Amino acid sequence: MDHGALDLSRLQPVLPSPLQPAGDERFARHGVTLLLKRDDLIHPDLPGNKWRKLAPNLRAAAGRTVLTFGGAWSNHLRATAAAGRLLGFPTVGVVRGDELAHRPLNPSLARCAADGMRLHFVDRATYRAKTAPEVLEGLLSHFGDCAVVPEGGSNAPAAQGCTELGRELRGRTGTVAVACGTGGTLAGLAAGLGDDQRALGIPVLRGGFLGAAVRDLQREAFGGPAGRWSLDERFHFGGYARTTPELHAFAEDFEDRHGLPVERLYVAKLLYGLTVLAGEGAFAPGSTVTAVVTGRP
């Protein structure tokens, strides 16, 4: 492949993504307007923050093999594999859990393989050490010259790519809320918003590590703190990929009210959190809150 000739525009992303009102009495009774930023409509195979985070990394890779990391159900691995198929570059997925190597692939990993991704299963201790130089050197000696993209796609180029999300929302809303896994979207979103706006992150993992991760990403991407942002850590529902009957019931009700398919692991937790916050009076009467819909079921 002609390195340097990766033209992402031929994928015809829908940008800026649509901004839709969601009339909802749980917000309206407090004088709050809810909007949905439909990043899930950017591209069928690279929806939402996957597009915004991957696009700058893929441009930098310039057609080289992209090696990246994820769990057995990783949306990031699926999006990377799809991009490789659509744009014609090789992909390698380093998957957490060596026990999976001897089992039939789940639908998510099967999709990655069908899109041409080479799957490399590692044990959990190795996966935890995936950023260690010796682990990366071992992978690169095995797979050759690769552009390495971190888990979830969150690095400085990704945060810079997500500033466009903030810029698309300038002058449209007071608060912009997004569900957070690795922090890259929030880091860039906050940097792209105007001075009179703020970003709110709803972590979907337990552990309280995300604030430090966002600060580190902003330092790498922008040289220091950028924009106003905060986290509310109450709505992870037990941690990553964990849900409860209450969350499913909320998501089904939201789907019925708004005709929006609600992805459960990120988007449902975001919308649930915002509904609770509206009930607590967290948003001033007359204000507008925008939920970023980062993916689809």
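Reader: Where does Pro 90 sit?

Author: Good place to begin. A residue can be placed by naming the elements on either side. In this predicted model, Pro 90 belongs to the loop that runs from helix 3 (75-87) to strand 4 (91-96).

Reader: Is Pro 90 buried, exposed or partly exposed, and what is its relative accessible area?

Author: Pro 90 has a relative accessible area of 44%, so it is partly exposed.

Reader: Which residues does Pro 90 touch, leaving out those up to four places away in sequence?

Author: Gly 63, Arg 64, Thr 65 and Val 66 are the ones that Pro 90 touches. There is also a distance to look at: Pro 90 and Cys 146 are 56 residues apart along the chain, while their C-alpha atoms are separated by 9.3 Å.

Reader: What is the relative accessibility of Cys 146?

Author: Here the value is 8%, and Cys 146 therefore counts as buried, the cut-off being under 20%.

Reader: How many disulfides does the structure hold?

Author: The general idea is this: a disulfide is a covalent bond that links the sulfur atoms of two cysteines. In this structure there are zero disulfides.

Reader: Why is Cys 146 without such a bond?

Author: Look at the distance between sulfurs. The closest cysteine sulfur to that of Cys 146 belongs to Cys 112 and is 16 Å away, which is too far for a bond. Cys 180 is in no disulfide either, with the sulfur of Cys 162, the nearest one, 10 Å away. Cys 180 is also buried, and its relative accessible area is 3%.

Reader: Now the loops. Where is Asp 45, and how accessible is it?

Author: Follow the chain from strand 2 (33-37) towards helix 2, and Asp 45 is in the loop between them. Its relative accessibility is 31%, so Asp 45 counts as partly exposed.

Reader: Which residues is Asp 45 in contact with, leaving aside neighbours within four places in sequence?

Author: Asp 45 is in contact with Ala 79, Ala 82, Arg 85 and Leu 86. You can also compare sequence with space for another pair: Asp 45 and Leu 11 are 34 residues apart in sequence, and their C-alpha atoms are 9.7 Å apart.

Reader: How far apart in space are Glu 164 and Leu 205?

Author: From C-alpha to C-alpha, Glu 164 and Leu 205 are 25 Å apart, with their positions 41 residues apart in sequence. Glu 164 is part of helix 7 (residues 156-168), and at 35% relative accessibility it counts as partly exposed.

Reader: What about Asp 24: where is it, and which residues does it touch?

Author: Asp 24 is in the loop from strand 1 (19-21) to helix 1 (25-28). Not counting residues up to four places away in sequence, Asp 24 touches Phe 254, Arg 257 and His 258. Its relative accessibility of 5% means that Asp 24 counts as buried.

Reader: Let us turn to the backbone. Which residues does a cis peptide bond join?

Author: Read the omega angle of the bond. Leu 15 and Pro 16 are joined by a cis peptide bond, with omega about -10°. Pro 16 is in the segment before strand 1.

Reader: What is phi of Gln 12?

Author: Phi of Gln 12 is near 55°, which is positive in a residue other than glycine. Gln 12 also lies in the segment before strand 1, and at 65% relative accessibility it counts as exposed.

Ala 62 is not a glycine, yet it has a positive phi of about 55°. Ala 62 is found in the loop between helix 2 (49-61) and strand 3 (65-70). With a relative accessible area of 15%, Ala 62 is buried.

Reader: And the whole protein: how many helices and strands does it have?

Author: There are eleven helices and ten strands. The radius of gyration is 19 Å, close to the 19 Å that the globule rule gives for 297 residues, so the protein is as compact as a globular protein of that length. Along its principal axes, the C-alpha trace spans about 60 × 40 × 35 Å.

Reader: What share of the residues counts as buried?

Author: Of the 297 residues, 54% count as buried. As for contacts with a separation of 6 or more, 74% are between residues 24 or more positions apart.

Definitions and conventions. Residues numbered from 1 in each chain as written. Predicted model: local features only at pLDDT ≥ 70, side-chain atom pairs only at ≥ 80, totals over all residues. Heavy atoms only, no water. Helix = DSSP H or I, 4+ residues; strand = E, 2+ residues; numbered from the N terminus. Buried < 20%, exposed > 50% of the residue type's maximum accessible area, 1.4 Å probe, protein only. Contact = heavy atoms within 4.5 Å. Disulfide = S-S within 2.5 Å. Rg over C-alpha atoms; globule rule 2.2 N^0.38 Å.
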